[in-house]
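Hi everyone, and thanks for making time for this. I'd like to walk you through a model on the screen, so please have the sequence and the structure open.

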Amino acid sequence: MIIRKFCFFSLIALLFTGCGGDIKYPNVSHISVDVRLNRFYTDLFALNGDSSSSNIDALKSKYGSYLDLYSMQVIRVGSPSADDYAANLMKFVSYDANKDVVAATDSMIDGYGGLKGDLDNAFRYYKYYFPEVPVPDVYLHISGFNQSMFIDSAFVSISVEKYLGSQCRFYQWLDIPQYLRKSMVPQKIVPDVMKAMLYAWQPDESGSENLLHQMIYQGKVLYAVKSMMPDLKDTLLFDFTDRQLKWARKNEAQVWSYVVENKYLYGSNRLDVQKFIGEAPFTSFFGQDSPGKAILYNAYQIVKEYMKHDETITLKELFETSDAQKILLKSRYRP
C-alpha cells in the first residue's frame, strides 16, 4: 500500500499527567519500544556497480519482501525474480546523480543524530494509544525524488532524500516550489512516519467528501500526531512558517465565519474542498498572506475542544467516531 505525504495534530486520553498548555499527555516511560531502523539505501548503493549474482542474492536474502515492494513500486525496476532485474537495478544504483544524493543523505542522517531515539519515543505514545497496532520496522530508502513514504503491515519506509533541508540544491534544480520545500527538513521525518501510520491504520472509511468531514478527519490526524510528539512545534505540525502560523491564529475567527457564511462547510464540490485542504502556497479564498490549508488550523482546534470536553474519550474512539457533525457540535467551537 502506498502512502502520500501529509500533515498532523494532538491528542488526549485517560490517566494523564500534565505537560504544558491545556493538553495533557500520558506517562509512557514504562512502555518498551525498540524500533529497528534499517539503513537500506546504504546496502543498496554499496553494490557500487557490482551486479554479481552473489551480491544481488545477498540483498534479496537480507531484505526479502521489502526489496520486492521497493523494486516494483518505488523505483520500478521490476521483480527481483526477473531475468533482467540485476541490470535494471544497477542502472539506478550507478546513475551519477544518485551518488551525490547518497552523500547528501548520509550527511543529513549523521547530522540528525537522534532519529532512532525520536522514533522510539513517538512509538511509545503510539503503543499507548493503539496497543493493538504492531510497531513496524523502519527503513530508509532513496526513491529518485519519487514518493516520500510507503508502508505495509510490517514496515514503514522513508524516502530520506525528501528531507535534506529546505535550501537543498537538489530541490532548487528540480524546481520544487518553496512552499513545499519548507517541509522537506529532517525534523519532519518522524511526524510524517506517525502520519503514515495513522492514514494506514486509522483510515477515513466514511466515504464522505464534504468539507466538514474532510476537515475533521485531518484535524484528528493533526491532533494525534501532536499527541504522540508533545514537543513538536506548531510550525512543523501544520507545515506553516512562523508568519503563517501567526496569520492563522490572528484570523481563526474570520476564516471560520467565511466558510460558514458562504456555505462551504457542508459543500462537496471537489475543487472547492481541494482549495481549502490541498497543498498550495496560500489559500486562494483568504489571500496571499494566508497559508495553504489554513482551514486545518481550525479543524485542529475543533478536535482539541471536542476532546477537552470529554476526557474519557480515547484517541482510538476519536477515530472510530465518523460523525463529523457530532464532533463539531460537542466541541462547542467558538473561535
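**Rings, a pocket and a few loops**

Let's begin with one side chain: phenylalanine 92 has a relative accessibility of 14%, so it counts as buried, the cut-off being under 20%. Before I go further, please keep in mind that this is a predicted model.

Who is the partner of phenylalanine 92? Its ring pairs with that of phenylalanine 45. The ring centres are 5.9 Å apart and the planes meet at 50°, so we call this pair tilted. Along the chain the two are 47 residues apart, with phenylalanine 45 in helix 1, residues 40-45, and phenylalanine 92 in helix 3, residues 85-93, so to speak a link between distant parts of the chain. Phenylalanine 45 is buried too, at 12% relative accessible area.

There is a second tilted pair I'd like you to find, phenylalanine 276 with phenylalanine 286. Here the centres are 6.1 Å apart, with 55° between the planes. Phenylalanine 276 belongs to helix 13, residues 270-277, while phenylalanine 286 is in the loop between helix 13 and helix 14, 10 residues away. Are these two buried or exposed? Phenylalanine 276 has 1% relative accessibility and counts as buried; phenylalanine 286, at 16%, counts as buried as well.

How many aromatic pairs does the structure hold? The total is 34. Some rings also gather in groups: Phe40, Tyr63, Tyr66, Tyr70, Tyr139, Phe150 and Phe155 make up one aromatic cluster.

Beside Phe150 of that cluster in the sequence is methionine 149, which sits in strand 6. Methionine 149 has a relative accessible area of 0%, so it is buried. Its C-alpha atom is 9.3 Å from that of valine 74, although 75 residues of chain separate the two.

Now for the second largest pocket. Its volume is about 290 Å³. Which residues are closest to its centre? Of the 15 that line it, those are Tyr112, Asp118, Met229, Asp231 and Leu232. Two elements give two or more residues to the lining, namely helix 5, residues 115-129, and helix 8, residues 189-201. Helix 5 has the largest share, with 3 residues. If you like to think in side-chain chemistry, the lining divides into 10 nonpolar residues, 2 polar and 3 charged.

Tyr112 turns up again when we look at glutamine 187, whose contacts, apart from neighbours within four places in sequence, are Tyr112 and Leu236. You'll find glutamine 187 in the loop between helix 7, residues 178-181, and helix 8. At 46% relative accessibility, glutamine 187 is partly exposed. For a sense of distance, the C-alpha atoms of glutamine 187 and asparagine 146 are 19 Å apart, with their positions 41 residues apart in sequence.

Next, two backbone details. Which residues other than glycine have a positive phi? Phenylalanine 145 is one of them, at about 60°. It lies in the loop between strand 5, residues 137-141, and strand 6, residues 149-151. Phenylalanine 145 counts as partly exposed, with 23% relative accessibility. Aspartate 175 is another, with phi near 55°. Aspartate 175 is in the loop between helix 6, residues 169-173, and helix 7. At 65% relative accessible area, aspartate 175 is exposed.

One more loop residue: serine 322, between helix 15, residues 315-320, and helix 16, residues 324-331. Serine 322 is partly exposed, at 48%. Leaving out neighbours within four places in sequence, serine 322 has contacts with His213 and Lys220. Serine 322 and isoleucine 216 are 106 residues apart in sequence, yet their C-alpha atoms are 9.1 Å apart in space.

Finally, a word on confidence. The chain has a mean pLDDT of 89, and 92% of its residues reach 70 or more. Where is the pLDDT below 50? That is the stretch of residues 1-21, which still has 103 contacts in the model beyond near neighbours in sequence. Where pLDDT is low, the predicted coordinates should not be read in detail.

That's my tour, and I'm happy to go back to any part of it.

Key
Residues numbered from 1 in each chain as written. Predicted model: local features only at pLDDT ≥ 70, side-chain atom pairs only at ≥ 80, totals over all residues. Heavy atoms only, no water. 1 Å grid on protein atoms, 1.4 Å probe; cavity = no way out; pocket = protein on both sides within 12 Å on 5 of 7 lines; lining within 4 Å. Points joined across faces, edges and corners; volume = space filled by probe spheres on them. Helix = DSSP H or I, 4+ residues; strand = E, 2+ residues; numbered from the N terminus. Nonpolar A, V, L, I, M, F, W, Y, C, P; charged D, E, K, R; others polar. Buried < 20%, exposed > 50% of the residue type's maximum accessible area, 1.4 Å probe, protein only. Contact = heavy atoms within 4.5 Å. pLDDT = per-residue confidence, 0-100. Phe/Tyr/Trp six-rings, centres within 6.5 Å; stacked < 30°, edge-to-face > 60°.
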